Amino acid sequence: MKLILLGPPGAGKGTQAKRLFEKHKLVQLSTGDMLRAEVASGSELGQQAKKVMEAGQLMPDNIIIDMISKRIDAPDCRNGFVLDGFPRTEGQAIALDDMLSKKGGHIDAVIELAVDEGALIERVSGRFACAKCGAGYHDKFQRPKKDGVCDVCGGTEFIRRKDDNAETVKARLVAYREQTAPILPYYRAKGLLQQVDGMADLDDVTTAIDAVLAKVRK
C-alpha cells in the first residue's frame, strides 16, 4: 500500500502516520528526514543534496525523486509507505508516478485530512508539553488533572513550541494552501483523492483512514 498523506500543520498527520505504521507497517517517509540522512551518510546523492543546500537553493525534483526511489527499495518499505510533505506540485506528482511505474508500482490513495482553519488555530496555539517526558496537553481541551503537574511523570515544568502561536499557524495554513492546492485536481482526476475529517476525534480519524484502505484493497 502506497499512500500520500496531506494536511496542514496540526491536522494530526504525524499521529495518523504513526498509527498506520503500528497497524499496517506502512513506513512514514518525510523528505526532510531523508535529505538529512542522505547528507549524513556521505553518499553520492547526499553530496549532491548538500551542495544544493549550502548554496541556499531549492532542492531539484530529480534529487528528491532519486532519494525516494532509493528509500522505498529498503526492506522496511516492503509493505508500503506513507509520503508526508511530497509531492507539492503537479510536476513532482507526475515524476513520482513515473518513478513508481518503472518499479511496477503506483500510488494507491491520497488522503487529505480536511480541517476547519479557525478550530485548527485554536487547537495548535493552545498546545503545550511536559518538559521532562514530553506528554502533550492543551489549554482548553486537555489540561493536566492537577494544574502545574504532569499526569505522566509528575514534572512541574512545561514548554510551548515557539511556532505554536496564532499568527504563525495562520501563516503555515496559507503556505499549505499554496503548496498543496496545485496537486489536488491532479489526484482527484485520477480518482485517488480521499478526504477525511481531520477535526474529528483521533480514533475516529484512524477509523476513517482504515475505511479508505479497506476500500482501496478491494
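This is a short walk through the structure, stop by stop, with something to select at each one.

**Before you start**

What you have open is a predicted model. Try colouring the protein chain by pLDDT: the average is 90, and 100% of the residues score at least 70. Which elements sit at the two ends of the confidence range? Helix 7 (residues 166–180) has the lowest mean pLDDT, at 85, while strand 7 (residues 158–159) has the highest, at 96.

**Stop 1: the five-stranded sheet**

Switch to a cartoon view and look for an open sheet of five strands. Reading across, the order is 2-3-1-4-8, and the pairing is parallel. The edges are strand 2 (27–30) and strand 8 (193–197), each of which pairs on one side only. From one strand to the next, the twist averages 25 degrees.

Now select helix 1, residues 13–24, which packs on this sheet. Helix 1 touches strand 1 (2–6), strand 2, strand 3 (81–84) and strand 4. Compare directions while you're there: helix 1 makes about 160 degrees with strand 1.

**Stop 2: strand 3 and its neighbours**

Select residues 81–84 and turn on the side chains. Which way do they point? Phe-81 and Leu-83 go one way, Val-82 and Asp-84 go the other, and all of them are buried. As a general pattern, side chains in a regular strand alternate between the two faces of the sheet.

Strand 3 has a parallel partner in strand 1, joined by four bridges. To find one of these pairings, select Leu-5 together with Asp-84, its bridge partner in strand 3. Strand 2 also runs parallel to strand 3, and four bridges join them too. Here, pick Leu-29 and its bridge partner Leu-83.

**Stop 3: out to strand 8**

Move to strand 4, residues 109–114, which runs parallel to strand 8. How many bridges join strand 4 to strand 8? There are five. Val-110 is a handy place to click, with Leu-193 as its bridge partner in strand 8.

**Stop 4: helix 4 and its cover**

Next, select residues 61–72, which make up helix 4. Its 12 residues reach 16 Å from the first C-alpha to the last, close to the 16 Å expected at 1.5 Å a residue. Show the side chains of Ile-63, Ile-64, Ile-65, Met-67, Ile-68, Ser-69 and Ile-72: these are the buried residues of helix 4. What covers them includes strand 2, helix 2 (31–41), helix 3 (44–54), strand 3 and helix 5 (90–102).

Keep helix 4 on screen and add helix 2. Their axes come within 10 Å and cross at roughly 85 degrees, which makes helix 2 roughly perpendicular to helix 4. Where they meet, helix 2 brings Thr-31, Met-34, Leu-35 and Glu-38, and helix 4 brings Ile-64, Met-67, Ile-68, Lys-70 and Arg-71.

Pause on Lys-70 in helix 4. Is it buried, partly exposed or exposed? Lys-70 has a relative accessible area of 45%, so it is partly exposed. Leaving out residues up to four places away in sequence, Lys-70 touches Glu-38 and Ser-43. Try a distance as well: Lys-70 and Leu-29 are 41 residues apart in sequence, and their C-alpha atoms are 12 Å apart in space.

**Stop 5: the antiparallel strands**

Select strand 5 (residues 127–130) and strand 6 (residues 136–138), which run antiparallel and are joined by three bridges. Phe-128 stands opposite Tyr-137 in strand 6. The hairpin has five residues between the strands, and Gly-134 in this hairpin takes a positive phi near 85 degrees.

Then add strand 7. Strand 5 pairs with strand 7 in the antiparallel sense over two bridges, and Ala-129 stands opposite Ile-159 in strand 7.

**Stop 6: two loop lysines**

Lys-25 is in the loop between helix 1 and strand 2. Its phi is near 60 degrees, a positive value in a residue other than glycine. Most residues other than glycine have a negative phi. At 39% relative accessibility, Lys-25 counts as partly exposed.

Finish at Lys-146, in the loop between strand 6 and strand 7. With 58% relative accessibility, Lys-146 counts as exposed. For a last distance, draw a line between the C-alpha atoms of Lys-146 and Ile-183: the two residues are 37 apart along the chain, and the atoms are separated by 45 Å.

Methods: Residues are numbered from 1 along each chain as its sequence is written. This is a predicted model: local features need pLDDT of at least 70, side-chain atom pairs count only at pLDDT 80 or more; totals for chains, interfaces and linings use all residues. Side-chain values use heavy atoms; hydrogens and water are left out. Two strands pair if DSSP finds at least two bridges between them. Axes are lines fitted to C-alpha atoms, for helices over the stretch in contact, and angles run from 0 to 180 degrees between N-to-C directions. Contact means heavy atoms within 4.5 Å. The expected span of a helix is 1.5 Å times one less than its number of residues. Buried means under 20% relative accessible area, exposed over 50%, partly exposed in between (1.4 Å probe, protein chains only). pLDDT is the predictor's confidence in each residue, from 0 to 100. Angles under 35 degrees count as roughly parallel, over 145 as roughly antiparallel, 65 to 115 as roughly perpendicular and the rest as oblique.
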